[in-house]
Amino acid sequence: MRLEIVVISQSLKWGTSFVEHLRGMFAIALKDKDTLYLFRDRLGKKPLFYLDAKSFIFASEIKALKPFLQKTQMNEDALLSYLSFLSPSPPHTFFQGIKKLATGEYLTYKNGTSKVQRYFDLLDAKPNIITDKDEAVHTLEKVLKESISMRLRTKEPIASLLSGGIDSATINYYALQEGLNLQTYTIGYKDFSKYDERENAKRSADFLGLKNKAIEISGEDFIDASELVLDTLDEPLNDPASIPLYLLFKEIKKDGYKVVLSGEGSDELFLGYRQYFEYLDIQSASTLKNKNWLKKYFRSNFSENREWEHYKRIFDNTLLFRTSGESFTDLQKNSLMKQNIKDNHALKYLKSYRDRFEASKHFDESIWYSYIDLNLFQAEHFLTKLDRVSMAHSIESRTPFLDHLLASTIFSIDPKLRYEDGVTKSLLKQIMKPHLNNEILQRKKKGFSNPYMEYLINSKKISLIKEVNQQTGLFKTKELDEYINSTSNGGFKQHVWGLYVLSVWIKKNLL
C-alpha cells in the first residue's frame with residue numbers, strides 16, 4: 001500500500017496522533033480544511049524546511065524556498081551554532097527567514113499563525129526497565145533484527161555500504177539471515193593508505209561471504225566534485241566525508257541500485273566513540289569538594305588544548321559534554337571572530353535539549369551524551385549529509401540502527417550496562433559475538449576518514465578562506481592565519497575545513 005494512502009487513512013482515524021503509529025523515516029504535510037500540519041520523523045532522517053512570511057511555504061530542500069526570500073541574509077545563530085557544532089542547530093538555517101523542524105517535531109499552521117510542538121522524545125522511555133545484561137542483549141538483538149528486516153523490504157535493487165567495522169558487518173549478517181546477499185561498496189583513497197578501509201572491508205566481506213566492490217578516488221576526483229557537493233548541501237555543513245560519499249553513491253547509481261543500507265546511529269546508541277568514556281572519567285572530577293583553587297588556576301592559564309576546556313567546565317560547574325561534533329569552543333570563537341562571544345554562549349543552542357533531560361527521569365550523563373548526539377550530531381550533521389548526497393543520485397538511504405523502537409529500548413536499559421566494562425559498543429559486541437569473528441569485533445574504529453585537508457592544501461583552494469575574509473571581515477587576520485597554518489602539521493583540520501565550507505557558501509550567496 002502506498003505511504004500516502006496509509007497516512008491519510010490513519011490521520012482520519014487517529015487525528016494528529018496518527019504519527020505515533022508510523023515507524024521509519026518521513027517528512028509529511030497534511031492539510032485538513034484550514035489547517036496545515038507538517039511532521040518530521042522522530043530521529044531526523046528526513047528534512048523539512050519552511051518560510052513563514054507573507055505566505056507560508058514549505059519544502060524538503062532549502063533551494064526550493066530561496067526564490068521566495070526578498071533578499072539573502074545570513075542568520076547569525078546559524079553561523080555561531082555551525083562553528084560550534086558542525087551544522088546549524090534547529091530551527092536555524094543559514095538563510096535568514098528559512099527555518100527547519102527538529103527531530104520529532106510537528107508544526108501547525110492556521111489563520112496565519114504557526115506553532116511548533118514535539119510529538120516524540122527519546123527521554124520519554126522509562127529508565128532502568130532492564131537491569132540484567134543478558135536480558136538487555138536478548139531484547140536488543142530481537143529489536144535490531146526486526147529493524148534490519150523491515151529495511152530490507154523493497155522491490156527496488158538494494159545494496160549496502162561496508163567498512164571494516166562491526167556496524168556494517170552486523171547489517172549484512174542479518175541480511176544474509178533473511179536470504180539476501182547484498183552487493184556491498186567500500187571507498188578507498190589513492191596514495192593515502194592510512195585512510196583506506198578497502199583491505200579491512202575485504203576481510204569482512206570474505207568472512208561473511210559478501211560481494212564487495214571497492215571504489216578508489218583521487219585528490220583530483222575530490223576537488224572536482226567538491227563545488228557540486230557543497231552546492232547540493234544548500235548550506236554549510238562541516239563534514240568533509242560528504243564529498244567521497246557523494247562519489248561513492250554516484251558509482252552505486254551507475255550499477256542500478258536504488259536503495260542503500262548504512263550504519264549511522266550505532267555509535268551514538270551503543271557508545272561507540274572512545275571519547276564518551278573519556279568524558280565520563282572527566283565528569284567524575286565534578287565531585288571534588290575543593291575545586292576553587294583549580295577553578296582559578298584554569299581560568300588564569302588559558303590553553304587551546306581541548307582537555308583544558310573540559311576541566312575548566314567541570315570546575316566552573318557548567319555543562320561538560322556538548323555533542324561529539326563540538327568544533328570551535330566559545331573562547332576559540334571569541335579569539336577568532338571580530339565580534340565578542342561570551343564563554344558558554346553556545347549553550348543557548350543546547351538549552352531546550354538540556355532542559356528536557358534535566359526534567360526527565362534520566363540521570364546518567366551517558367544518556368545525555370546519546371540524547372544530544374542523536375538530536376544534533378547525528379540528525380543535523382550525519383543524516384543531513386547522507387540524505388543530501390544519496391538523494392542527489394535518487395538513492396534512498398536506510399539506517400537500521402536509527403529505529404525509534406531500538407533507540408527507546410536502549411534508553412530503557414540501565415545505562416551502566418553500556419559502559420561499565422570500559423568497552424566501546426559493549427552490548428552490540430555481545431549481540432554479535434556468536435556471529436562475527438574477533439577480528440571484526442575488536443577492529444579499531446576508523447570511521448569515514450579521508451585526506452580532505454591534504455587535498456585542500458594541494459589544490460590551493462584553501463586560499464579562498466582568506467580571500468572571503470578580506471571582503472567580509474568576519475575573522476581576525478592573525479588568528480585566522482594561525483588556524484590555516486596549523487593544518488600543515490595536522491592541527492585544527494576540521495575547524496579549517498568548516499571555515500572553507502563557510503567561505504564557499506558566503507562567496508556564492510552573499511558576495
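What volume does the largest cavity have? Here are some notes on that and on the packing around it.

1. This is a predicted model, in which local features need pLDDT of at least 70, side-chain atom pairs count only at pLDDT 80 or more, and totals for chains, interfaces and linings use all residues. Residues are numbered from 1 along each chain as its sequence is written, and side-chain values use heavy atoms, with hydrogens and water left out.

2. The largest cavity has a volume of about 70 Å³. A cavity is a set of points on a 1 Å grid over the protein atoms alone where a 1.4 Å probe fits but cannot get out, and lining residues have an atom within 4 Å of a point; a volume is the space filled by probe spheres set on the points, which are joined across faces, edges and corners.

3. Among the residues lining this largest cavity are Arg 42, Asp 121, Tyr 371 and Asn 375. Helix 14 gives the most to that lining, with three residues; helices are DSSP runs (H or I, at least four residues), numbered from the N terminus.

4. Helix 14 (residues 365–391) also supplies the largest share of the largest nonpolar core, 12 residues. That core has 158 residues, and Ile 252 and Trp 368 are among those with the most contacts inside it. Such a core is a set of buried Ala, Val, Leu, Ile, Met, Phe, Trp, Tyr and Cys residues joined through side-chain atoms within 4.5 Å, where buried means under 20% relative accessible area (1.4 Å probe, protein chains only).

5. Asn 450 is worth a look too: this residue is buried, with a relative accessible area of 3%, and sits in the loop between helix 18 (438–442) and helix 19 (452–459).

Definitions and conventions. Buried means under 20% relative accessible area, exposed over 50%, partly exposed in between (1.4 Å probe, protein chains only). Helices (H or I, at least four residues) and strands (E, at least two) are DSSP runs, numbered from the N terminus. On a 1 Å grid over the protein atoms alone, a cavity is a set of points where a 1.4 Å probe fits but cannot get out, and a pocket is an open set with protein on both sides within 12 Å along at least five of seven lines; lining residues have an atom within 4 Å of a point.
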